[in-house]
Amino acid sequence: MPHTPRATAPQGLHQLAFGGDYNPEQWPEEVWQEDMRLMREAGVTMVSVGIFSWALLEPEPGTYDFGWLDRLLDLLHANGIRADLGTPTVAPPAWFYRAHPEALPVSREGVRYAFGSRGAICHSNPDYRAAAANITEQLVRRYGSHPALALWHVHNEYGVPVSACYCDNCAAHFRRWLTARHGDVEAVNAAWGTAFWGQRYRGLDEIDPPRTTPTVGNPAQQLDYARFADATMRENFCAERDILHRLAPGIPVTTNFMTALSQCDSVDYWAWGREVDLVTNDHYLITDGRRTHVNLAMAADLTRSVAGGAPWLLLEHSAGGVNWQPRNPAKRPGEMARNSLAHVARGSDGAMFFQWRQSLRGAEKFHSAMLPHAGTDSRIWREVTRLGADLGLLNGIRTTRTVADVAMVWDWQSWWAQSLEWRPSQDHDARERADAFYASLFDRHLTVDFAHPDADLSGYPLVVVPALYLATEESGRNLRRYVEGGGTLVVSYFSGIVDAHDAVHPGPYPGALRDVLGLTVEEFSPLAEGGTVRLVTPEGAPEGPELTGDLWSDVVIPRGAETMWSYADGIPAGRPAVTRHRLGEGTAWYVSTRPTGAGLDAVLDRACEDARIAPRTGLPYDVEVVTRTGDAGTYLFVINHTGGDAKVPLDAPGTELLTGEPATGHLAVPAGAVRVVRLDS
Ligand code: GLA
Ligand code: ZN
């Protein structure tokens, strides 16, 4: 694989990116003129085009109609708007499927999906691969040197709506992938533990995808299939990317991620982050009762981390409500700007939307847009143009990097493994623990980097590990090195249990983390639904509040760790519940239950003391404060999510960029407002 240079921005874009998915093919060309006028009025700098346009660009097999796209790109160029040009490979035309019905993916249950939506793709299908390579090549030959071209947008959101296909082509491809990964069938038998339930294979030809089985299927097979499906999508991305690089060197290539946990959970973004030139992300608020701005911050931090800390780009979010949740609330006044600027604070060099003009037809006509059905005499339009103007005042932040205070260990593969069936408790959800730890860090105004379990963590005073069920020996050694070197680690229950093949590490739990935590777990003791346990500080330990745990408890045997809280009841009564292990220059905490209420805060308070992280005083709750810094200066973003005015102490004087006012001492941030101070150096 040739090395691909990373871009810091779309080519030729010298401002923050502001715009959206633009689907002018849904409108008569007269409307395009109005679009250009309104885009200029709103301060649009870049739009994403052509993402779903295959059927228009290649109306007959091998016959191309580029006329409309020629006119569109020329028009964008004439109006000073950069183009993020899609390869339309997420939406092959109807004629393609008539000729190649096997390119339609098959569900786990054996249902072949039909044409008539989008994203119906078997990524192993050779006809699909050839056709995708061809349309990509046609596009790059035609537009590779078009002056409007800033960025290639390959495909769309790999991993949704179909995360894996279970067809016969995929079965054959899976067998080849297994050979490359494991060598021969005996190695697969060993890795998958096929001695269990008599699943032994004589040859690779006997192995199928993990299709629907009468009862629980082999977990290691399922885990390998998830890896295979992810790798297969990545192969297709890389194939398109290499064509684009070869024929249009210098134009960065991206594909839009969806890093928010649970919005697309089948993609290992650590691996994908290495393959794109510029990391881009789509983010939508999930209105399920949790604090949406905290989830947004988490997704943005995760995206930045996947980008290795470099600036990235929010390629889609929404101006108002979406249309695909059970209930789709409008955004409150100012919320769209807070969302956009929170992404920018956390590393995005711009804020883009799905979509520019709200559709009249099709499945997404009730999804909000920058230019809504109501037209320009609307709150959304006023807020959109205001945001465009505000972003125009922030162009100086480009290339600066967000400053993180602490790290959270996250691994998609561990999450996949943990999410398989027949675990000690169906109530335990790795993502829920990650959310809870993140929220506690957010509430103490700490900015979080995410890190792979094998990453160098030495730069962080505090590292939390909310749920790392699958942890290799190597990851265990890495965490140990981190603590020995002076770090403070906090690990939640059911971590370090299995290896890369979902096999339990030999010896007592938690195999990979026993040494660093200074303990063993003799037995898991998950609680009944609604059950709780009481946690008290034992004699001799520093006094702390009585805590309550639910969902889980462990029978912990300390082997060097001290007990900070112990169980007052439940099966492990009298035994350690929260422990602290001094190792080398550092400290490792273990939390063997799910603390309720402010319990996790109480534990993290102590860990922050060990890490010498001073609590930030004078910052109101739910006022988000994030710093970006670099050669272009230091910028303090303050986002007031509360209904009251806030006053935020400044470390140094500066200039507030959105109002142009000097800022010294305490910065006043009105309810719901955002302020960005460029600090005097
Ligand atoms: C995704 C897709 C877009 C659109 C939006 C709607 O992010 O990439 O094409 O469907 O969702 O929220
Ligand atoms: Zn398939």
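This report describes a predicted model, taking in turn the annotated regions, the zinc site, the surroundings of ligand 1 and one arginine.

## Annotated regions

An unreviewed UniProt entry assigns residues 21–391 to "domain: Glycoside hydrolase family 42 N-terminal". Across residues 21–391, helix makes up 40% of the chain and strand 10%. The C-alpha atoms at the two ends of this stretch are 18 Å apart.

A further annotation, "domain: Beta-galactosidase trimerisation", is listed by UniProt for residues 404–613, again from an unreviewed entry. For residues 404–613 the chain is 23% helix and 28% strand. Here the end C-alpha atoms lie 13 Å apart.

## Zinc site

The zinc ion (ligand 2) has four cysteine SG atoms as its protein donors, from Cys122, Cys165, Cys167 and Cys170. The donors lie 2.2 to 2.3 Å from the ion. The arrangement around the zinc ion is tetrahedral, because the four donor atoms subtend angles of 99 to 118°, and four donors count as tetrahedral if all angles lie between 85 and 135 degrees.

Along the sequence, the donor residues follow the spacing C-x42-C-x1-C-x2-C. Cys122 and Cys165 link distant parts of the chain, being 43 residues apart. Cys122 sits in the loop between helix 4 (94–99) and helix 5 (126–143), while Cys165 sits in the loop between strand 4 (149–154) and helix 6 (168–182). Both Cys122 and Cys165 are buried.

## Ligand 1

The residues surrounding ligand 1 are Phe52, Arg118, Asn156, Glu157, Asp282, Tyr284, Glu316, Trp324, Phe354, Glu364 and His367. Three of these side chains are described here by their polar distances to the ligand.

A polar atom in the side chain of Glu364 is 2.4 Å from an oxygen atom of ligand 1. For Arg118, a polar side-chain atom lies 2.7 Å from a ligand oxygen. Asn156 has a side-chain N or O atom 2.8 Å from an oxygen atom of ligand 1. On its own, ligand 1 has 310 Å² of accessible area, of which the protein covers 96%.

## Arg82

Arg82 belongs to strand 3, which spans residues 82–87. The relative accessible area of Arg82 is 12%, so this residue is buried, the cut-off being under 20%.

Arg82 and Arg675 are separated by 593 residues in sequence. In space, their C-alpha atoms are 28 Å apart.

Notes: Residues numbered from 1 in each chain as written. Chains lettered and ligands numbered in written order. Predicted model: local features only at pLDDT ≥ 70, side-chain atom pairs only at ≥ 80, totals over all residues. Heavy atoms only, no water. Donors = N, O, S within 2.8 Å, 3.2 Å for Na, K, Ca; no water. Tetrahedral: all angles 85-135°; square planar, octahedral: opposite > 155°, others 65-115°. Helix = DSSP H or I, 4+ residues; strand = E, 2+ residues; numbered from the N terminus. Buried < 20%, exposed > 50% of the residue type's maximum accessible area, 1.4 Å probe, protein only. UniProt positions renumbered as here; feature names shortened; annotations may be inferred. Near = heavy atom within 4 Å. Polar contact = N/O pair within 3.5 Å; in protein donor to acceptor, adjacent residues only side chain to side chain. Areas by Shrake-Rupley, 256 points an atom, 1.4 Å probe, with all protein chains shown as cover.
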